[in-house]
Every structure is written in C-alpha cells, then in structure tokens.
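Here is a short tour of one structure, taken a region at a time. Keep the viewer open as you read.

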Amino acid sequence: MTAAIEIRDLAKSFTLHNQGGIRLSVLDGFDLEVHEGECVALHGPSGIGKSTVLRCIYANYRTDRGRILVRHRDGSVDMASAHPREVLAVRGETIGYVSQFLRVVPRVAAEDVVAEPLRSRGANREGAAKAARGMLQCLNIPAALHRLAPATFSGGEQQRVNLARVFVADYPVLLLDEPTASLDRENREVAVGLIRAAVGRGAAVVGIFHDSQVRDAVANRTVQLSAMREAA
Amino acid sequence: MQPDAVPPLLSARGVTKFYDGILGCRDVSFEIWPGEVLGVVGESGSGKTTLLHCISARLEPTAGTVEYMTRHDGPADIYRISEPARRLLMRTDWGFVHQNPREGLRMGVSAGANIGERLMAVGARHYGNIRHAATDWLDKVEMDTGRMDDLPITFSGGMQQRLQIARNLVTAPRIVFMDEPTGGLDVSVQARLLDLLRGLVSDLGLAAVIVTHDLAVARLLSHRLLVMRRGEVVESGLTDQVLDDPQHPYSQLLVSSVIHP
Amino acid sequence: MVEDGYNFAYLDEQTKRMIRRAILKAVAIPGYQVPFGSREMPLPFGWGTGGIQVTASIIGPDDTLKVIDQGADDTVNAVSIRKFFARTAGVETTERTEAATIVQTRHRIPETPLGAGQILVYQVPIPEPLRWLEPRETETRKMHALQEYGPMHVRLYEDIAHFGHIATSYDYPVRVNGRYLMRPSPIPKFDNPKMDRSPALQLFGAGREKRIYAIPPHTEVRSLDFDDHPFEVQKWADVCAFCGSGDSFLDEIVTDDRGGRMFVCSDTDYCSRRREAGCTGPAMQAAGPGEA
C-alpha cells in the first residue's frame with residue numbers, strides 16, 4: 001500500500017428504526033486514495049455525505065461494505081473492520097480529527113484538553129503543557145484563558161481549541177470537518193498555515209472546507225461527491 | 001498491530017443470571033484489556049448492575065464463566081478458584097465503587113482509616129507508612145489532607161465518593177468496577193469527579209467497568225460500550241460509534257431520548 | 001456439704017458432658033470459639049452464666065474455688081457465685097490465688113502468677129472480636145477461617161489517629177498461637193501479658209452468646225499492635241495507697257467530694273497478702289502506727 005488512506009467500494013446507509021425503519025443510503029461504492037503530503041477537499045452540497053466519509057475513516061460511523069485502509073505504524077489497518085482496540089490505537093497515533101464541535105469533560109482546562117493527545121502518547125506533564133500553551137498562543141487564545149474550561153468559551157474560541165488539540169501532535173493523517181467555519185479572518189489564516197505546514201511535513205489530509213478561499217489555499221485536489229442513488 | 005498480543009484482563013462468556021426464574025442478564029460475553037474502560041448503559045432494570053455483580057465475583061451467575069488474568073497464575077475462572085484466593089483478589093487486585101458511598105465506606109471510622117484498611121488487610125503494620133499512603137491518596141483524589149481524621153459522615157456526597165475511590169485504589173488494583181459512580185451527585189460535582197476518574201484511569205493504566213444510565217458519563221469515561229436491554233446486550237462497540245451511529249432500534253431510542261440542556 | 005435436691009454443681013451430668021466436649025475442642029483449637037448449648041441458669045445472662053457453666057462442668061469434689069469480680073473476692077457477684085458452688089458442689093472456697101485449683105473471674109487476671117494445674121475461667125460478655133467490624137456471623141466465621149484479620153487494626157489505627165497512642169485499654173484483641181484472633185473478655189490490657197505462655201489452663205465462657213474458647217497452658221498470646229506503635233500496658237504515677245505496690249493494676253477511688261482520690265490494688269487478695277507481709281502504702285503511713 002502506498003497511499004496513506006485507501007477507500008474501496010465504501011457503502012454507508014442509516015436505518016432509522018424509530019422513524020418507520022426508513023433507510024437512508026448516503027454512500028455507495030465510494031472510492032478515495034490520499035497520499036502523503038496531499039490535501040484532498042471533499043466537495044458537494046450539504047447532506048451529500050462529506051462528513052460521513054470523514055466519520056467512516058475515523059470509524060466513528062460503521063460501514064455497510066468496503067474497506068478503509070489507513071497506514072498505521074508499519075502496516076495498515078482497515079478501519080471498517082478493525083477491533084475497537086486497534087481503532088483506538090490508530091486514533092491515538094495516526095489520525096487527528098477536527099470535528100465541528102468540541103466535546104470535552106466539563107471543567108477541564110483548555111490547556112489540559114490540548115495537552116491530552118501528547119499525554120496519551122506518553123509525554124510528560126510539563127512538556128505536554130508547554131506545547132499545549134504554545135499551540136493555543138499560536139491560535140490567538142490569550143494566556144488568561146488557558147487554565148479555564150473551554151465550555152465557557154465563544155464558538156470561535158472553542159473551534160480553535162479543537163484545532164490546537166489536533167495540531168499539537170504531528171498526526172500523519174488529518175481529517176478536518178469545516179475547521180475554519182466559525183473563525184475570523186485572522187485565525188482562518190493561522191489555521192490555513194497550520195494545515196499547509198502539516199501537508200508540508202507529509203501529512204495526508206482530508207477536509208471539508210466551505211470557504212473557497214481556504215479550500216484553494218490548502219487543497220491539492222478536490223473530490224466532488226454526487227448524489228447517491230435513491231434509497232433502496 | 002496485533003490485538004491479541006496482550007491477553008484480555010477479564011473475559012466474560014455467556015454470563016447468565018436468573019433470580020428464581022426471573023431474568024437478571026442473559027448470555028453476556030465481552031473482554032476487557034488492561035487500561036480499557038468499558039461502559040455498560042441501559043435503563044433501570046436492564047440488568048446492568050446484575051452483570052456488574054456477576055463479573056466482580058459478588059454474584060455467581062446461573063450459567064457462563066468469568067475469567068480473570070491473575071498476576072502470577074494466568075487466567076482463572078473467578079468462581080472456580082478457592083474462596084481465599086477470590087477474596088484476596090477482591091480486596092487487592094480489584095476495586096468496587098458503589099453508587100451509594102455508604103455501602104462502600106466504613107462510616108464509623110475516619111477517612112484515613114477508610115483508606116488504610118485495605119493496606120492493613122494485606123498486612124501493613126506500620127502506622128506511619130499507612131498514614132503516609134492515606135495522605136497521598138487523599139491528595140490524589142483532591143481532598144483536603146487536613147480532614148484525614150474526620151468521619152466520612154462529615155463529608156459531602158462528592159467527597160464521600162472520592163474517599164470511596166481512594167479507598168479502592170490504595171492497593172493499586174488492576175480493574176475497578178463502578179456502579180453509577182456519579183449518580184446522586186449534582187452536575188458540577190459530577191463533572192469534577194468525572195475529570196478525576198478519567199485522569200486516574202489513564203494515569204494508572206486501570207481497566208474499569210462503569211455501569212451508568214447517563215450516556216454523557218459513558219461518552220466521557222469509556223472506550224467501549226455495551227447497551228443492555230431486558231437483560232441482554234443489544235449492541236456493543238466503540239463508545240462514539242455506538243452513540244453517534246447506533247444500529248439497534250433500542251440504542252437509537254436511547255440516544256435520541258437524551259435531553260440536551 | 002452439697003445441699004439436697006441439687007445435682008453436683010447444679011448442672012445435670014448430660015449437660016456437663018456436652019460442655020466438657022466443647023471445652024476439649026476449644027483446648028484443641030486454641031482461640032477458636034466453640035458453640036455450646038448454653039443452659040438457663042438461676043441468674044440472668046450477663047451475670048457470669050458462661051463462666052459458671054464452664055466451672056460447673058470442670059469442678060470436682062476435691063477442687064478449691066476462688067471467684068473474683070474486678071479483682072475483688074468480696075463483691076456481690078463474686079460472693080454469690082462462690083456461695084452457689086459451695087452450696088451445690090460442696091467444694092472448698094478460698095480467696096488465696098495460689099490455694100485455688102479453679103479461679104473464676106470477671107474482668108481481671110490475679111496479680112499472683114498462676115501455676116501449672118490451675119484453671120482460670122473467664123466470664124465473657126461478647127466473644128466475637130470481629131463483631132464491631134462485621135455484624136454478620138456467617139461473615140465473621142469466614143474471616144476467622146481465612147485469617148482475614150487485617151481490618152482489626154483499623155480500630156487501633158483510629159486510636160493512634162485520635163489520641164496519639166493506642167487508647168484501647170481493656171478487651172484488647174490478641175492473636176492466640178499465631179492463629180485465631182481472640183477477645184480476652186473485658187480484662188484490662190495490663191493483664192494481656194499474663195495470658196502469654198501461662199502455665200495455667202485458661203477457659204472462656206460466654207453464656208448468652210453460647211460460645212466457649214480456651215488458651216491451653218504455655219500457648220503464645222500476642223496483643224495486636226503496629227511496628228511503630230508497639231503494645232504497651234498501663235502505667236501509674238502512684239503506688240497502692242494500702243500496700244505500696246508499684247506493679248499491680250490500680251483502681252482509682254474518689255474519697256470525698258473535694259477532688260480527693262487514692263489509688264488501690266484492684267486485686268484484693270494480692271493487696272492484703274502484701275500488707276500481711278508488712279508492706280505499707282502512703283495512706284497507711286499517713287494513718288500512723290497502730291492502725292490495721
């Protein structure tokens with residue numbers, strides 16, 4: 001396997017048991033390859049399944065069919081069929097995922113939230129905290145906020161904490177779901193810089209960028225998602 | 001990566017419990033690895049607590065086995081090993097945190113004695129050392145060490161729960177069973193306790209089984225989830241997978257029933 | 001003379017045999033609580049019925065009985081029990097420790113060391129040392145079976161935490177023969193060392209709780225403690241006001257309502273023997289010659 005991410009014949013549908021058993025087919029026969037140092041932008045209208053692709057790669061969603069091979073350590077792991085422990089290992093070391101919403105334990109300081117990926121890799125407390133503060137600073141979160149819990153932050157600040165927490169660790173694979181959606185111009189540029197730097201060091205990035213300026217600035221390639229066949 | 005390179009710490013196979021013909025839980029199987037936190041969710045009466053008692057040697061199942069990887073003698077069926085060995089496991093290698101701290105604490109003796117008891121139970125006979133360990137653990141669970149000689153009754157519910165946790169962790173167990181550890185606490189106290197538990201579990205590399213009806217608690221603490229209904233596991237998997245992409249009708253109902261403030 | 005109408009030593013022969021079997025088992029398993037069929041006695045539970053039943057089962061016509069209560073031979077309980085056996089068994093009674101073959105006691109061990117051939121019978125209110133930790137009998141039996149005695153130290157820990165030293169001063173738990181945890185009945189811990197390797201046989205009877213246990217002669221009896229807080233017995237700054245003894249267990253006696261007090265030996269036999277031998281304490285010296 002040469003690609004960092006290789007998706008073959010991915011199918012994903014949702015069955016809503018409590019709403020008359022409606023079955024919504026979102027992806028069917030989706031293929032994608034992403035290489036090292038490449039940033040792929042998923043594009044298409046809202047509800048077409050862009051986020052679903054990211055979530056399937058992260059194994060946040062289960063799949064109906066297909067393989068999602070992610071290069072991990074010296075081999076590759078099929079995220080569609082991996083054991084939960086393998087999935088957690090891949091998430092810990094290989095895949096960084098910036099979701100649209102920040103989800104953290106209430107009352108945990110922003111600095112500790114950001115340091116966690118480093119801590120879980122075995123970094124010492126001081127080193128991880130220092131790196132976390134640096135990354136928060138870089139995303140213009142003032143030092144006064146570092147010891148506060150992000151639940152009290154504004155939407156834009158929360159999103160930056162979310163970014164910091166992923167970019168603090170050098171993940172080889174990054175999944176970015178509208179990472180700049182609620183950022184102002186200045187911070188959007190910081191985010192663009194971080195993404196470009198990650199691609200520059202060889203990360204494979206898959207992202208959803210509504211902002212065309214951001215997309216143009218970071219993406220090497222755009223993949224257009226088109227509507228699936230009608231629900232079966 | 002070889003998932004089977006490390007053997008599981010605890011394996012439940014076909015665990016079934018009937019109370020005089022009334023179903024407690026049926027045919028539950030799972031494995032827990034060192035450092036892993038397993039959440040068990042489901043509504044009241046779904047068999048969560050029965051399952052927890054069955055796998056923690058407190059309630060012998062009607063059928064099925066529970067195997068634990070002992071430190072020195074390899075895997076052992078916890079209901080087939082000798083009673084002394086089982087009781088020793090329960091007060092050294094395992095911890096059990098009750099929803100009601102009164103069930104897990106000795107209410108008539110001080111906080112320090114509550115923490116020191118398990119050490120004394122395994123032979124500690126040096127008062128100074130026991131006291132030192134108690135101070136250390138009060139500190140780790142973020143309690144005021146100056147209150148070491150106070151009775152648990154003088155502590156708030158959240159503090160009693162911390163004390164119960166310290167009392168369990170002082171012998172460096174490898175797995176802790178928790179029954180609604182944050183139940184009955186108000187939300188702000190609950191949040192801090194969750195944070196503490198998460199930190200302890202990851203710093204100590206503890207495995208844990210946490211029974212809760214609170215999906216938010218399950219999401220924050222557990223790596224994997226079992227969803228139980230009417231005594232059976234209807235769905236299992238990675239916590240975020242089960243909560244974000246529930247497959248079973250009951251899991252979907254459970255997830256969609258949560259009220260977001 | 002045995003009074004008419006009573007069987008020898010009050011209890012019927014079948015009951016005495018049953019109790020002797022329990023005693024034999026207790027001697028065979030030092031410190032282990034043997035259940036027995038405790039009988040109704042002509043005095044209420046709590047007044048020494050366990051000790052009386054043990055004494056009744058082992059006493060013979062040639063025995064000499066001494067009974068003490070809190071060390072004294074002349075208190076109501078001691079006098080009543082002594083009379084009881086004098087009437088129902090016709091045995092000799094004595095106040096002299098070394099003259100007795102059987103000494104029944106409540107709350108003390110005589111100061112005069114017991115010798116081989118003597119039997120000390122204790123009256124026991126609550127035999128189970130683990131009861132305060134665990135209310136369930138099934139569980140305490142299991143704890144004994146598995147020697148799960150560690151939590152017993154929790155109580156001593158509490159003492160040190162609150163008082164700076166082990167403040168438990170009576171009914172102080174012991175380990176018998178390195179095996180069973182035992183409650184020595186409410187004797188002061190001052191007496192605990194006397195149980196260790198005593199040449200006398202020590203029998204314990206709990207009438208209400210229906211348990212008998214024993215320490216055979218020359219058996220090791222260790223008081224629980226911590227490495228850094230070793231077991232210690234009580235000490236007094238005073239000596240006995242009557243006999244001047246500085247090494248016996250002293251009772252504090254309030255002598256007036258202006259705070260006056262004195263300390264006297266709790267063991268009345270020991271004290272009077274010393275005085276007979278010419279020893280005097282501060283109270284006697286103050287009273288001057290010619291008195292007592």
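## A small sheet, a contact and some cysteines

Let us begin with a pair of valines: Val176(C) has Val221(C), in strand 10 of chain C, as its bridge partner. Please keep in mind that this is a predicted model.

That pair belongs to a wider match, since strand 6 (residues 174-176) and strand 10 of chain C run antiparallel and are joined by three bridges. Together with strand 7, these strands make an open, antiparallel sheet of three strands in chain C, in the order 7-6-10. Strand 7 (180-182) and strand 10 (221-223) of chain C each have a single partner strand and stand at the edges, so one side of each lacks a neighbour in the sheet. From one strand to the next, the twist averages 30 degrees.

Next comes the place where chain B meets chain C. Here 20 residues of chain B and 21 residues of chain C take part in the contact. The two chains bury about 1,900 Å² between them, and 60% of this lies on carbon and sulfur atoms. On the chain B side, Arg87(B), Arg125(B) and Tyr127(B) provide 39% of the area buried against chain C, more than any other three residues. Four salt bridges are counted between chain B and chain C. In one of them, the side chain of Arg87(B) meets that of Glu148(C), with 2.7 Å from N to O. Arg87(B) thus appears both among the three residues named for buried area and in a salt bridge.

Chain B also offers a helix to look at. Helix 1 (residues 48-55) of chain B is largely enclosed by the rest of the structure, because six of its eight residues are buried. These are Lys48(B), Thr50(B), Leu51(B), Leu52(B), Cys54(B) and Ile55(B). After helix 1 of chain B comes Ala57(B), which has a positive phi, near 65 degrees.

How many disulfides does a search of the whole structure find over all chains? The search finds zero. Two cysteines are set out below, each with its closest cysteine sulfur.

| Cysteine | Closest cysteine sulfur | Sulfur distance | Relative accessible area |
|---|---|---|---|
| Cys39(A) | Cys138(A) | 18 Å | 0% |
| Cys243(C) | Cys265(C) | 3.6 Å | 1% |

Why is there no bond between Cys243(C) and Cys265(C)? Their sulfurs are 3.6 Å apart, which is too far for a bond, because a disulfide needs the two sulfur atoms within 2.5 Å. Cys39(A) is buried, and Cys243(C) counts as buried too.

Methods
Residues numbered from 1 in each chain as written. Chains lettered and ligands numbered in written order. Predicted model: local features only at pLDDT ≥ 70, side-chain atom pairs only at ≥ 80, totals over all residues. Heavy atoms only, no water. Pairing = 2+ DSSP bridges. Helix = DSSP H or I, 4+ residues; strand = E, 2+ residues; numbered from the N terminus. Axes fitted to C-alpha atoms, helices over the stretch in contact; angles between N-to-C directions. Buried < 20%, exposed > 50% of the residue type's maximum accessible area, 1.4 Å probe, protein only. Contact = heavy atoms within 4.5 Å. Buried area = accessible area lost by both parts, 1.4 Å probe.
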